[in-house]
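Please open the model in your viewer and switch on the side chains, so that you can select residues one at a time as you read. The tour moves from one charged pair to the next.

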Amino acid sequence: MSTGFVVWESEAGTKFCSLGALRGVTDEYEITRGVSRANGFPSDASFQMNKRFPKQVALADSAHNRARMVVVSEPLKELIEGRSPPSVELLPVRIINHKGRDAGKPYWVVNPLAIVDCIDQTASRIEWNPIDPTMISCCNELVLDEAKIPPELVLFRPKYLETIVLVRQDLADAIEEGDFTGLSFTAIDEYVE
């Protein structure tokens with residue numbers, strides 16, 4: 001059983017806005033795969049608040065979005081930066097409100113670049129993607145081999161399931177103690193994809 005890491009999840013709710021797709025960035029899917037995008041990242045990169053939910057306008061510290069990117073407020077970014085995480089990019093983005101205007105607060109996409117081959121494939125209950133056999137398409141039980149995770153990593157992506165971000169428990173605890181909004185951490189043994 002894995003206990004030293006959790007999965008970062010942004011919460012969609014009735015109060016906080018949900019974001020659409022990342023705009024102004026070509027090949028934005030690369031960010032959910034741990035590909036470096038800092039070099040030449042566009043200054044006009046933005047997320048539009050999801051028009052399907054026009055009454056949801058409040059900004060959370062971790063903004064829910066369609067692509068499941070980790071999008072964080074300035075205070076949450078500063079907490080993460082304070083841990084000096086290796087192999088993590090912080091990419092600046094704007095949030096555009098329902099009226100087409102900048103929501104007025106800086107946000108950042110947290111892009112962990114470290115991809116670690118740490119999933120215990122024997123103990124986990126996983127199904128491989130039939131189109132891309134290098135990706136897991138379904139995970140009913142996730143088990144990590146924590147001995148394969150470098151101790152300096154506080155944020156990273158597991159190989160074969162790069163669309164999720166794993167967080168070391170001590171960083172997750174610090175975030176929770178900071179009363180940041182819009183996020184939750186799922187225990188590895190409770191995670192289902």
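Begin by selecting D102, which counts as partly exposed, with a relative accessibility of 37%; keep in mind throughout that you are looking at a predicted model. Now add R94 to the selection, because the side chains of R94 and D102 meet in a salt bridge, with 3.5 Å from N to O, inside the 4 Å cut-off for such a pair. R94 is also partly exposed, and its relative accessible area is 32%. Side chains of opposite charge can pair when their charged atoms come close.

Next, go to helix 1, which covers residues 74-82, and select K77 and E81, which both lie in this helix, four residues apart, or about one turn of the helix. Here the closest N and O atoms of the salt bridge between K77 and E81 are 3.1 Å apart. Is K77 buried or exposed? With a relative accessible area of 9%, K77 is buried, because buried means under 20%, whereas E81, at 37% relative accessibility, counts as partly exposed. Keep these two residues selected and add E74, since E74, K77 and E81 are linked in a network of salt bridges.

For the last stop, select R168 and D170, whose side chains meet in a salt bridge at 2.6 Å, again taken from N to O. R168 is partly exposed, with a relative accessible area of 23%, and D170 counts as partly exposed too, at 34% relative accessibility.

How many salt bridges does a search of the whole structure find? The search finds seven, among them the pairs visited on this tour.

Terms used. Residues are numbered from 1 along each chain as its sequence is written. This is a predicted model: local features need pLDDT of at least 70, side-chain atom pairs count only at pLDDT 80 or more; totals for chains, interfaces and linings use all residues. Side-chain values use heavy atoms; hydrogens and water are left out. Helices (H or I, at least four residues) and strands (E, at least two) are DSSP runs, numbered from the N terminus. Buried means under 20% relative accessible area, exposed over 50%, partly exposed in between (1.4 Å probe, protein chains only).
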